[in-house]
Amino acid sequence: MSEFVSKVDREARGRAAETLKKRFLSLVDQLEKGEPLVMEIPKRTLSNTVYDEKRKLLLLGEDKMKRSFLDMNEARRFMQTVLMGSIIYDALVNDEYPTIRDLYYRGKHSIVIRDPKGKTHEENTWDEQKESDSVIIDIEVFTSLLREEMLILSKEKGKVVGDMRLRSGNDVIDLSKMGHGAYSIEPTPDLIDFVEVNADFVLVVEKDAVFQQLHRAGFWRKYKCVLITSAGQPDRATRRFLRRLNEELKLPVYILTDADPYGWYIYSVFRIGSISLSYESERLATPDAKFLGVSMGDIFGTPRKKPYLSERERSSFIIKAKETDIKRALEIKNYDWFKTKGWEEEINIFLQRKSKLEIEAMASKGLKFLAFQYIPEKIQTKDFIS
(Lines give C-alpha, C1' and ligand atoms only; values in the text may rest on other atoms or scores of the structure.)
Protein backbone atom coordinates (compact mmCIF):
# COMPACT_ATOMS: atom_id res chain seq x y z
CA MET A 1 0.00 0.00 0.00
CA SER A 2 2.86 2.40 0.80
CA GLU A 3 3.68 3.14 -2.87
CA PHE A 4 0.22 4.68 -3.30
CA VAL A 5 0.47 7.05 -0.33
CA SER A 6 0.71 10.68 -1.46
CA LYS A 7 3.69 12.83 -0.57
CA VAL A 8 1.61 15.15 1.62
CA ASP A 9 0.25 12.17 3.57
CA ARG A 10 3.72 10.73 4.05
CA GLU A 11 5.07 14.03 5.36
CA ALA A 12 2.13 14.40 7.76
CA ARG A 13 2.72 10.86 9.03
CA GLY A 14 6.36 11.61 9.67
CA ARG A 15 5.59 14.74 11.69
CA ALA A 16 2.88 13.08 13.77
CA ALA A 17 4.88 9.88 14.40
CA GLU A 18 7.90 11.86 15.54
CA THR A 19 5.82 13.99 17.93
CA LEU A 20 4.09 10.93 19.40
CA LYS A 21 7.38 9.10 19.81
CA LYS A 22 9.03 12.06 21.54
CA ARG A 23 6.17 12.61 24.00
CA PHE A 24 5.81 8.98 25.03
CA LEU A 25 9.58 8.39 25.21
CA SER A 26 9.56 10.94 28.04
CA LEU A 27 7.93 8.15 30.08
CA VAL A 28 10.86 5.87 29.28
CA ASP A 29 13.22 8.59 30.50
CA GLN A 30 11.37 8.57 33.84
CA LEU A 31 11.84 4.80 34.12
CA GLU A 32 15.53 5.00 33.32
CA LYS A 33 15.98 7.64 36.02
CA GLY A 34 14.14 5.49 38.52
CA GLU A 35 11.33 8.04 38.82
CA PRO A 36 7.65 7.20 39.35
CA LEU A 37 5.76 7.10 36.05
CA VAL A 38 3.71 10.30 35.79
CA MET A 39 1.91 11.74 32.77
CA GLU A 40 1.10 15.45 32.96
CA ILE A 41 -1.96 16.44 30.93
CA PRO A 42 -3.88 19.76 30.79
CA LYS A 43 -7.26 19.49 32.52
CA ARG A 44 -10.24 19.27 30.17
CA THR A 45 -12.78 20.71 32.57
CA LEU A 46 -15.21 23.62 32.49
CA SER A 47 -13.32 25.25 35.36
CA ASN A 48 -10.14 25.16 33.25
CA THR A 49 -11.84 26.63 30.16
CA VAL A 50 -11.34 30.36 29.71
CA TYR A 51 -12.65 32.87 27.19
CA ASP A 52 -9.83 34.96 25.77
CA GLU A 53 -11.52 38.32 25.12
CA LYS A 54 -8.63 39.64 23.03
CA ARG A 55 -8.38 36.61 20.72
CA LYS A 56 -12.12 35.82 20.95
CA LEU A 57 -11.50 32.13 21.55
CA LEU A 58 -12.38 29.52 24.15
CA LEU A 59 -9.09 28.11 25.38
CA LEU A 60 -7.80 25.61 27.91
CA GLY A 61 -6.40 27.21 31.04
CA GLU A 62 -3.06 26.42 32.66
CA ASP A 63 -4.29 23.82 35.17
CA LYS A 64 -2.83 20.36 34.65
CA MET A 65 -3.44 16.96 36.17
CA LYS A 66 -0.81 14.40 36.98
CA ARG A 67 -1.77 10.86 36.03
CA SER A 68 0.38 8.42 38.02
CA PHE A 69 0.87 4.78 37.05
CA LEU A 70 1.37 3.86 40.73
CA ASP A 71 -1.95 5.39 41.77
CA MET A 72 -4.64 2.69 41.83
CA ASN A 73 -7.26 5.26 40.80
CA GLU A 74 -5.29 6.32 37.74
CA ALA A 75 -3.38 3.20 36.67
CA ARG A 76 -6.14 1.99 34.32
CA ARG A 77 -6.40 5.31 32.45
CA PHE A 78 -2.59 5.55 32.34
CA MET A 79 -2.43 2.12 30.69
CA GLN A 80 -5.22 3.01 28.26
CA THR A 81 -3.39 6.17 27.19
CA VAL A 82 -0.09 4.37 26.54
CA LEU A 83 -1.88 1.55 24.71
CA MET A 84 -3.77 3.96 22.44
CA GLY A 85 -0.61 5.96 21.77
CA SER A 86 1.11 2.76 20.65
CA ILE A 87 -1.77 1.78 18.35
CA ILE A 88 -1.86 5.22 16.71
CA TYR A 89 1.93 5.23 16.27
CA ASP A 90 1.87 1.80 14.61
CA ALA A 91 -0.88 2.98 12.24
CA LEU A 92 1.18 6.02 11.29
CA VAL A 93 4.40 4.16 10.52
CA ASN A 94 2.53 1.40 8.65
CA ASP A 95 0.70 3.79 6.30
CA GLU A 96 -2.73 2.97 7.73
CA TYR A 97 -5.83 5.17 8.04
CA PRO A 98 -7.73 4.00 11.12
CA THR A 99 -11.13 5.38 12.05
CA ILE A 100 -12.03 6.16 15.64
CA ARG A 101 -14.09 2.97 15.64
CA ASP A 102 -11.11 0.98 14.35
CA LEU A 103 -8.94 2.23 17.21
CA TYR A 104 -11.57 1.11 19.69
CA TYR A 105 -11.53 -2.44 18.32
CA ARG A 106 -7.75 -2.61 17.86
CA GLY A 107 -7.20 -1.85 21.52
CA LYS A 108 -10.07 -3.80 23.04
CA HIS A 109 -8.94 -7.02 24.69
CA SER A 110 -8.81 -8.65 28.11
CA ILE A 111 -5.77 -8.66 30.37
CA VAL A 112 -5.35 -11.59 32.75
CA ILE A 113 -4.20 -10.54 36.21
CA ARG A 114 -3.02 -12.84 38.99
CA ASP A 115 -3.45 -11.56 42.56
CA PRO A 116 -1.04 -12.32 45.47
CA LYS A 117 -3.16 -15.35 46.38
CA GLY A 118 -2.75 -16.85 42.93
CA LYS A 119 -6.32 -16.17 41.80
CA THR A 120 -6.69 -14.86 38.23
CA HIS A 121 -8.89 -11.96 37.16
CA GLU A 122 -9.70 -10.52 33.74
CA GLU A 123 -9.75 -6.80 33.06
CA ASN A 124 -10.80 -5.26 29.73
CA THR A 125 -8.66 -2.49 28.29
CA TRP A 126 -11.91 -0.59 27.74
CA ASP A 127 -15.53 -1.65 27.72
CA GLU A 128 -17.22 1.00 25.55
CA GLN A 129 -16.12 3.24 22.71
CA LYS A 130 -16.71 6.38 24.76
CA GLU A 131 -13.77 5.25 26.92
CA SER A 132 -11.39 4.91 23.98
CA ASP A 133 -12.71 8.15 22.43
CA SER A 134 -11.90 10.00 25.64
CA VAL A 135 -8.39 8.49 25.63
CA ILE A 136 -7.84 9.78 22.07
CA ILE A 137 -8.73 13.28 23.30
CA ASP A 138 -6.24 12.88 26.16
CA ILE A 139 -3.55 12.02 23.62
CA GLU A 140 -4.45 15.08 21.54
CA VAL A 141 -4.00 17.29 24.59
CA PHE A 142 -0.86 15.43 25.76
CA THR A 143 0.87 15.69 22.36
CA SER A 144 -0.72 18.93 21.02
CA LEU A 145 -1.69 16.96 17.91
CA LEU A 146 -5.23 16.99 16.58
CA ARG A 147 -6.48 13.55 15.59
CA GLU A 148 -6.73 14.80 12.00
CA GLU A 149 -2.98 15.45 12.11
CA MET A 150 -2.51 11.83 13.19
CA LEU A 151 -4.53 10.75 10.11
CA ILE A 152 -7.34 9.30 12.22
CA LEU A 153 -10.43 9.34 10.04
CA SER A 154 -14.03 10.15 10.91
CA LYS A 155 -17.28 10.17 8.97
CA GLU A 156 -17.49 12.96 6.40
CA LYS A 157 -20.28 15.40 7.19
CA GLY A 158 -19.73 18.90 5.84
CA LYS A 159 -20.06 19.72 2.14
CA VAL A 160 -18.77 22.57 -0.01
CA VAL A 161 -19.24 23.93 -3.51
CA GLY A 162 -17.87 26.97 -5.30
CA ASP A 163 -15.58 28.29 -8.01
CA MET A 164 -12.46 26.71 -6.56
CA ARG A 165 -9.89 24.06 -7.31
CA LEU A 166 -8.18 22.13 -4.55
CA ARG A 167 -5.60 19.38 -4.40
CA SER A 168 -6.41 16.31 -2.33
CA GLY A 169 -3.72 13.65 -2.40
CA ASN A 170 -2.45 13.49 -5.98
CA ASP A 171 -5.66 14.84 -7.55
CA VAL A 172 -6.91 18.33 -8.33
CA ILE A 173 -10.67 18.61 -7.80
CA ASP A 174 -12.83 21.29 -9.41
CA LEU A 175 -15.62 22.22 -6.98
CA SER A 176 -17.42 24.21 -9.66
CA LYS A 177 -18.18 21.04 -11.60
CA MET A 178 -19.99 18.90 -9.04
CA GLY A 179 -23.34 18.87 -10.85
CA HIS A 180 -26.17 18.97 -8.32
CA GLY A 181 -23.87 17.40 -5.73
CA ALA A 182 -21.07 18.87 -3.65
CA TYR A 183 -17.61 18.00 -2.37
CA SER A 184 -17.56 16.21 0.99
CA ILE A 185 -14.98 17.86 3.23
CA GLU A 186 -12.42 15.18 4.00
CA PRO A 187 -11.47 14.26 7.60
CA THR A 188 -7.92 15.61 7.12
CA PRO A 189 -8.51 19.18 5.87
CA ASP A 190 -4.95 20.32 6.56
CA LEU A 191 -3.72 18.00 3.82
CA ILE A 192 -5.77 19.93 1.24
CA ASP A 193 -4.03 22.54 -0.94
CA PHE A 194 -6.05 25.51 -2.23
CA VAL A 195 -4.93 25.66 -5.85
CA GLU A 196 -7.34 28.38 -7.00
CA VAL A 197 -10.23 30.06 -5.19
CA ASN A 198 -12.37 32.64 -6.96
CA ALA A 199 -14.65 33.96 -4.20
CA ASP A 200 -15.44 37.11 -2.24
CA PHE A 201 -16.86 35.46 0.89
CA VAL A 202 -17.95 32.18 2.49
CA LEU A 203 -21.55 31.42 3.42
CA VAL A 204 -22.08 28.58 5.90
CA VAL A 205 -25.60 27.16 6.03
CA GLU A 206 -26.65 25.05 9.00
CA LYS A 207 -29.30 23.05 7.10
CA ASP A 208 -28.24 20.67 4.32
CA ALA A 209 -31.65 21.04 2.61
CA VAL A 210 -31.28 24.84 2.38
CA PHE A 211 -27.68 24.40 1.16
CA GLN A 212 -28.95 22.19 -1.67
CA GLN A 213 -31.62 24.74 -2.61
CA LEU A 214 -29.10 27.58 -2.72
CA HIS A 215 -26.69 25.42 -4.72
CA ARG A 216 -29.30 24.51 -7.34
CA ALA A 217 -30.46 28.11 -7.55
CA GLY A 218 -26.90 29.10 -8.50
CA PHE A 219 -26.38 31.34 -5.47
CA TRP A 220 -22.63 30.77 -5.26
CA ARG A 221 -22.18 31.50 -8.97
CA LYS A 222 -24.21 34.74 -8.92
CA TYR A 223 -22.63 36.11 -5.74
CA LYS A 224 -19.12 34.65 -6.17
CA CYS A 225 -18.91 32.78 -2.89
CA VAL A 226 -17.90 29.47 -1.36
CA LEU A 227 -21.03 27.71 -0.09
CA ILE A 228 -20.70 25.29 2.84
CA THR A 229 -23.13 23.26 4.93
CA SER A 230 -22.34 21.83 8.34
CA ALA A 231 -25.51 19.68 8.21
CA GLY A 232 -26.30 20.66 11.80
CA GLN A 233 -23.70 20.76 14.54
CA PRO A 234 -20.37 21.18 12.70
CA ASP A 235 -17.76 18.44 12.74
CA ARG A 236 -14.11 19.23 13.25
CA ALA A 237 -13.15 18.87 9.58
CA THR A 238 -15.72 21.45 8.47
CA ARG A 239 -14.59 23.87 11.18
CA ARG A 240 -10.92 23.49 10.23
CA PHE A 241 -11.67 23.86 6.51
CA LEU A 242 -13.60 27.08 7.23
CA ARG A 243 -10.83 28.43 9.45
CA ARG A 244 -8.31 27.89 6.66
CA LEU A 245 -10.47 29.72 4.11
CA ASN A 246 -10.73 32.68 6.47
CA GLU A 247 -7.18 32.69 7.81
CA GLU A 248 -5.21 31.85 4.68
CA LEU A 249 -7.38 33.38 1.96
CA LYS A 250 -8.81 36.24 4.07
CA LEU A 251 -12.39 35.45 3.00
CA PRO A 252 -15.16 36.93 5.18
CA VAL A 253 -17.36 34.26 6.78
CA TYR A 254 -21.13 34.48 7.34
CA ILE A 255 -23.15 31.88 9.23
CA LEU A 256 -26.84 31.19 8.49
CA THR A 257 -28.74 29.13 11.09
CA ASP A 258 -32.20 28.68 12.54
CA ALA A 259 -33.47 31.49 14.77
CA ASP A 260 -33.23 29.60 18.05
CA PRO A 261 -30.69 28.88 20.83
CA TYR A 262 -29.48 25.75 19.03
CA GLY A 263 -28.66 27.82 15.95
CA TRP A 264 -26.89 30.39 18.11
CA TYR A 265 -24.76 27.67 19.64
CA ILE A 266 -23.82 26.30 16.21
CA TYR A 267 -22.63 29.79 15.31
CA SER A 268 -20.77 29.99 18.62
CA VAL A 269 -18.93 26.72 17.96
CA PHE A 270 -17.81 27.98 14.54
CA ARG A 271 -16.72 31.33 15.94
CA ILE A 272 -15.12 30.76 19.34
CA GLY A 273 -14.95 26.98 19.76
CA SER A 274 -16.62 24.29 21.81
CA ILE A 275 -16.73 24.39 25.59
CA SER A 276 -16.08 20.64 25.85
CA LEU A 277 -13.21 20.71 23.32
CA SER A 278 -11.59 24.06 24.04
CA TYR A 279 -8.10 22.61 23.51
CA GLU A 280 -8.76 22.58 19.75
CA SER A 281 -10.15 26.12 19.37
CA GLU A 282 -6.89 27.75 18.29
CA ARG A 283 -6.90 25.69 15.08
CA LEU A 284 -10.61 25.10 14.50
CA ALA A 285 -12.46 28.28 15.51
CA THR A 286 -13.02 31.29 13.22
CA PRO A 287 -13.21 34.39 15.46
CA ASP A 288 -14.10 36.68 12.54
CA ALA A 289 -17.26 34.74 11.59
CA LYS A 290 -20.45 36.82 11.51
CA PHE A 291 -23.96 35.64 12.41
CA LEU A 292 -26.00 36.57 9.35
CA GLY A 293 -29.29 35.17 10.63
CA VAL A 294 -31.97 34.12 10.81
CA SER A 295 -32.30 36.70 13.60
CA MET A 296 -35.18 37.67 15.85
CA GLY A 297 -35.02 41.12 14.29
CA ASP A 298 -35.59 39.59 10.85
CA ILE A 299 -38.81 38.04 12.15
CA PHE A 300 -40.28 40.72 14.43
CA GLY A 301 -38.32 43.83 13.48
CA THR A 302 -36.50 46.27 15.77
CA PRO A 303 -36.62 50.03 16.29
CA ARG A 304 -33.92 50.23 13.61
CA LYS A 305 -35.37 48.00 10.89
CA LYS A 306 -38.53 46.48 9.50
CA PRO A 307 -39.11 42.71 9.71
CA TYR A 308 -38.66 40.55 6.62
CA LEU A 309 -41.84 38.65 7.46
CA SER A 310 -45.34 40.09 7.49
CA GLU A 311 -47.67 39.41 10.42
CA ARG A 312 -49.49 36.80 8.34
CA GLU A 313 -46.22 35.07 7.39
CA ARG A 314 -45.10 35.07 11.02
CA SER A 315 -48.29 33.34 12.07
CA SER A 316 -47.65 30.67 9.44
CA PHE A 317 -43.97 30.05 10.17
CA ILE A 318 -43.03 30.81 13.78
CA ILE A 319 -42.85 27.98 16.31
CA LYS A 320 -43.58 28.25 20.01
CA ALA A 321 -40.39 27.86 22.04
CA LYS A 322 -40.18 24.92 24.43
CA GLU A 323 -39.05 25.17 28.05
CA THR A 324 -35.76 23.56 27.02
CA ASP A 325 -35.27 26.32 24.41
CA ILE A 326 -35.87 29.02 27.02
CA LYS A 327 -33.54 27.34 29.51
CA ARG A 328 -30.82 27.10 26.84
CA ALA A 329 -31.29 30.77 25.92
CA LEU A 330 -30.82 31.80 29.56
CA GLU A 331 -27.62 29.75 29.75
CA ILE A 332 -26.27 31.29 26.54
CA LYS A 333 -27.13 34.77 27.82
CA ASN A 334 -24.62 34.26 30.64
CA TYR A 335 -21.72 33.30 28.36
CA ASP A 336 -19.18 36.12 28.18
CA TRP A 337 -18.95 35.96 24.39
CA PHE A 338 -22.69 36.60 24.05
CA LYS A 339 -22.59 39.71 26.24
CA THR A 340 -22.65 42.20 23.38
CA LYS A 341 -25.30 44.74 22.49
CA GLY A 342 -26.40 42.82 19.40
CA TRP A 343 -26.67 39.47 21.14
CA GLU A 344 -28.38 40.87 24.23
CA GLU A 345 -31.04 42.37 21.97
CA GLU A 346 -31.40 39.10 20.06
CA ILE A 347 -31.76 36.95 23.16
CA ASN A 348 -34.13 39.38 24.89
CA ILE A 349 -36.51 39.40 21.90
CA PHE A 350 -36.51 35.61 21.95
CA LEU A 351 -37.28 35.49 25.68
CA GLN A 352 -40.05 38.06 25.30
CA ARG A 353 -41.67 36.43 22.29
CA LYS A 354 -40.90 32.83 23.29
CA SER A 355 -40.89 32.01 19.59
CA LYS A 356 -38.38 30.55 17.14
CA LEU A 357 -38.13 30.07 13.40
CA GLU A 358 -36.28 27.73 11.05
CA ILE A 359 -34.35 28.81 7.95
CA GLU A 360 -36.81 26.89 5.78
CA ALA A 361 -39.42 29.54 6.61
CA MET A 362 -37.44 32.05 4.57
CA ALA A 363 -37.23 29.54 1.72
CA SER A 364 -40.98 28.94 2.03
CA LYS A 365 -41.50 32.62 1.30
CA GLY A 366 -39.78 31.84 -1.98
CA LEU A 367 -36.36 30.49 -2.90
CA LYS A 368 -35.70 33.61 -4.98
CA PHE A 369 -36.47 35.73 -1.93
CA LEU A 370 -34.01 33.76 0.21
CA ALA A 371 -31.24 33.51 -2.37
CA PHE A 372 -31.51 36.80 -4.22
CA GLN A 373 -32.92 39.23 -1.68
CA TYR A 374 -32.66 38.19 1.96
CA ILE A 375 -29.08 36.87 2.08
CA PRO A 376 -27.37 39.36 -0.30
CA GLU A 377 -29.26 42.32 1.22
CA LYS A 378 -28.14 41.40 4.75
CA ILE A 379 -24.51 41.04 3.62
CA GLN A 380 -24.58 44.30 1.64
CA THR A 381 -26.10 46.31 4.52
CA LYS A 382 -23.90 44.57 7.11
CA ASP A 383 -26.99 43.39 8.94
CA PHE A 384 -25.26 40.75 11.01
CA ILE A 385 -24.23 40.09 14.61
CA SER A 386 -20.63 39.46 15.66
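**Figure 1. Helix 15 across three strands of the predicted model.** Helix 15 comprises residues 367-380 and lies across strand 12 (201-205), strand 14 (253-256) and strand 15. Relative to strand 15, helix 15 runs at about 140°. Phe372, which is part of helix 15, has a relative accessibility of 32% and therefore counts as partly exposed.

**Figure 2. The open sheet and its edges.** Six strands make up this open sheet, in the order 10-7-13-12-14-15. The pairing within the sheet is mixed. Strand 10 (183-184) and strand 15 (290-293) are the edge strands, each of which pairs on one side only. Strand 10 is joined to strand 7 (residues 159-161) by antiparallel pairing over two bridges. Lys159 has Ser184 of strand 10 as its bridge partner.

**Figure 3. Surroundings of Asn246 in helix 7.** Helix 7 spans residues 236-249 and includes Asn246. The relative accessible area of Asn246 is 10%, so this residue is buried, the limit being under 20%. A polar atom of the Asn246 side chain lies 3.0 Å from the backbone oxygen of Leu251. When neighbours within four places in sequence are left aside, the contacts of Asn246 are Leu251, Val253, Thr286 and Asp288.

**Figure 4. Buried and exposed residues of helix 12.** Within helix 12 (residues 323-333), the buried residues are Asp325, Ile326, Ala329 and Ile332. These four are on the same side of helix 12 because the arc they cover around the axis is only 125°. The spacing can be read against helix geometry: an α-helix has 3.6 residues a turn, so residues three or four places apart point the same way. Glu323, Thr324 and Lys327 are exposed on the other side of helix 12. The packing partners of the buried residues of helix 12 are helix 8 (261-272), helix 13 (341-353) and strand 17 (355-356).

**Figure 5. The aromatic pair of Phe69 and Phe78.** The structure holds 16 aromatic pairs, one of which is formed by Phe69 and Phe78. The pair is tilted, with 5.4 Å centre to centre and 55° between the planes. Which of the two rings belongs to a buried residue? Phe78 is buried, at a relative accessible area of 3%, whereas Phe69 is partly exposed, at 39%.

**Figure 6. The aromatic pair of Tyr223 and Phe372.** The ring centres of Tyr223 and Phe372 are 6.3 Å apart and the planes are at 35°, so this pair is tilted. Tyr223 is in the loop between helix 6 (219-222) and strand 13 (225-229), while Phe372 is in helix 15, so the pair ties together parts that are 149 residues apart in sequence. Tyr223 counts as partly exposed, with 21% relative accessibility.

**Figure 7. A cluster of aromatic rings.** The members of the cluster are Trp264, Tyr267, Phe291, Phe338, Trp343 and Phe350, and ring pairs link them.

**Figure 8. Lys43 in the loop between strand 1 and strand 2.** The loop that holds Lys43 lies between strand 1 (38-42) and strand 2 (49-52). Lys43 is partly exposed, and its relative accessible area is 33%. From Lys43 to Ile88 the C-alpha to C-alpha separation is 22 Å in space, and the two are 45 residues apart in sequence.

Conventions
Residues numbered from 1 in each chain as written. Predicted model: local features only at pLDDT ≥ 70, side-chain atom pairs only at ≥ 80, totals over all residues. Heavy atoms only, no water. Pairing = 2+ DSSP bridges. Contact = heavy atoms within 4.5 Å. Axes fitted to C-alpha atoms, helices over the stretch in contact; angles between N-to-C directions. Buried < 20%, exposed > 50% of the residue type's maximum accessible area, 1.4 Å probe, protein only. Polar contact = N/O pair within 3.5 Å; in protein donor to acceptor, adjacent residues only side chain to side chain. Arc of directions from axis to C-beta. Phe/Tyr/Trp six-rings, centres within 6.5 Å; stacked < 30°, edge-to-face > 60°.
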